[in-house]
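Biologist: I am new to this structure and should be grateful for a guided account of it. May we proceed by question and answer?

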Amino acid sequence: MTRAPGQPLRVSAALCALLAALAAGCDCRECAPPVTAQAGSAPAWADAPAVPPVAFFERACANCHGPGGMFYGEGFAAMSDDAELARVVHEMVIGPARTTLDDASTAALVAYHRHLRESVRRPFVVLTRIDGGRVEGEVSGGARVVVVADGREVEATVVDHAWSVVLTGPPRASLVVRARADGEPTDETELDLGRAAWTHDAPPESSVSSKGGA
Ligand code: HEC
């Protein structure tokens with residue numbers, strides 16, 4: 001006769017409960033029911049913004065500021081105050097663009113503007129969705145995207161500003177997105193999705209200590 005798989009566990013759990021009752025205050029780990037460690041459960045990845053910033057920009061802002069912000073003038077590039085940038089973006093959303101954005105989506109849009117403002121533009125990358133092994137996001141114009149899931153590199157498909165990959169299964173321990181733009185002098189950007197859902201979350205350090213004009 002076969003034994004039900006759950007049976008030994010139930011017995012020891014009952015024993016533990018008994019021991020715990022006898023020696024009140026028992027806090028041995030064996031007695032505590034396992035709360036985590038569901039086999040195969042994925043780690044928590046950073047939350048994607050509800051409104052993907054690049055598509056939002058093209059929809060709500062590009063009619064005045066050009067695709068990819070190409071009509072932003074020199075004054076914009078020289079805008080060195082990061083708090084001022086965040087304030088203007090927020091006012092544009094509720095003003096000329098006549099809409100509203102939640103805080104995280106606004107923060108992602110401001111991050112995209114840090115990329116637009118950079119003189120040497122490091123690619124901007126944002127996560128928009130993870131569903132099992134399917135991972136999707138946005139990237140600034142013309143960049144290639146490679147997703148590194150648990151150490152394995154997979155080239156993403158990029159259509160306009162949207163990238164996507166289908167992995168063999170949900171990523172288990174690590175998920176990193178790398179973007180590199182061809183043709184212009186640019187660094188690679190790397191986004192660790194265990195820590196953040198978009199790049200450019202803070203002004204680059206070089207802009208804090210001013211480079212001295214131009
Ligand atoms: C109806 C046209 C219009 C739309 C739509 C619009 N803007 Fe603007 N925006 C302007 C004008 C005009 C200015 C310059 C005058 C000013 O600062 O108010 C400006 C200025 C800016 C600046 C400062 C640029 C600089 O050189 O200092 C930023 C950043 C900006 N807009 C972001 C946005 C964002 C983000 C959106 C979309 C949510 C948006 N704008 C939508 C018209 C628009």
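Modeller: Certainly; please note that this is a predicted model. A starting point is the shell around the ligand, to which α5 gives the most, with 4 residues.

Biologist: Which elements give two or more residues to the shell around the ligand, and which residues come nearest?

Modeller: The elements that each supply two or more residues to the shell are α3 (62–65), α4 (74–78), α5 (82–94) and α6. There are 18 residues around the ligand, and those that come nearest are Cys61, Cys64, Phe76, Met92 and Pro96.

Biologist: How do the residues of this shell divide by class?

Modeller: No charged residues occur in the shell around the ligand. The division is 5 polar and 13 nonpolar.

Biologist: Helix α6 was named in the shell. How are α2 and α6 oriented to one another?

Modeller: Helix α2 covers residues 53–60 and helix α6 covers residues 103–117, and their axes lie 9 Å apart. The packing angle is about 80 degrees. Angles of 65 to 115 degrees fall into one class, and therefore α2 is described, relative to α6, as roughly perpendicular.

Biologist: Which residues of α6 are met by α2, and what is the class make-up of that contact?

Modeller: From α2, the residues involved are Pro53, Val54, Phe56 and Phe57, and they meet Ser105, Ala108, Leu109 and Tyr112 in α6. By class, the contact has no charged residues, 1 polar residue and 7 nonpolar residues.

Biologist: How many helices and strands does the protein chain have?

Modeller: The chain has 214 residues, of which 26% count as buried. Among its contacts with a separation of 6 or more, 62% are between residues 24 or more positions apart. The count of elements is 7 helices and 8 strands.

Biologist: Of the sheet with the order β4-β3-β7-β8, which strands stand at the edges?

Modeller: This sheet is open, has 4 strands and shows antiparallel pairing. From one strand to the next, the twist averages 25 degrees. Two strands have a single partner each, so one side of each is left without a neighbour in the sheet; these are β4 (152–155) and β8 (189–192).

Biologist: In the pairing of β3 with β4, which residue of β4 is the bridge partner of Val147?

Modeller: Strand β3 (residues 143–149) pairs with β4 in the antiparallel sense over 4 bridges. In the same hairpin, 2 residues lie between the strands, and Asp150 takes a positive phi near 50 degrees. Val146 stands opposite Glu155 in β4, while the partner of Val147 is Val154.

Biologist: Along β8, which side chains are buried?

Modeller: β8 pairs with β7 in the antiparallel sense over 4 bridges, and Glu190 of β8 is the bridge partner of Arg178. In a regular strand, side chains alternate between the two faces of the sheet. Along β8, Glu190 and Asp192 point to one face and are not buried, while the residues that point to the other face and are buried are Thr189 and Leu191.

Biologist: Of the sheet with the order β1-β2-β6-β5, which strands stand at the edges?

Modeller: This open sheet has 4 strands with antiparallel pairing, and its twist averages 20 degrees from one strand to the next. Two strands have one partner strand each, so one side of each lacks a neighbour in the sheet; they are β1 and β5 (157–159).

Biologist: In β6, which residue is the bridge partner of Val135?

Modeller: Strand β2 (residues 134–139) and β6 run antiparallel and are joined by 5 bridges. In β6, the residue that partners Val135 is Val165.

Biologist: Is Asp131 buried or exposed?

Modeller: Asp131 lies in strand β1 (residues 125–131). The C-alpha atom of Asp131 is separated by 7.8 Å from that of Pro170, 39 residues apart along the chain. A residue with 12 or fewer C-beta neighbours falls in one class; because Asp131 has 9 inside 10 Å, it counts as exposed.

Biologist: Where does Arg172 lie, and is Arg172 buried or exposed?

Modeller: Arg172 lies in the loop between β6 (162–166) and β7 (175–181). Its C-alpha atom and that of Ala149, 23 residues apart along the chain, are separated by 7.9 Å. With 12 other C-beta atoms within 10 Å, Arg172 is exposed.

Definitions and conventions
Residues numbered from 1 in each chain as written. Predicted model: local features only at pLDDT ≥ 70, side-chain atom pairs only at ≥ 80, totals over all residues. Axes fitted to C-alpha atoms, helices over the stretch in contact; angles between N-to-C directions. Parallel < 35°, antiparallel > 145°, perpendicular 65-115°, else oblique. Contact = placed C-beta atoms within 7 Å. Nonpolar A, V, L, I, M, F, W, Y, C, P; charged D, E, K, R; others polar. Pairing = 2+ DSSP bridges. Near = placed C-beta within 6 Å. Buried ≥ 20, exposed ≤ 12 C-beta atoms within 10 Å, placed from the backbone.
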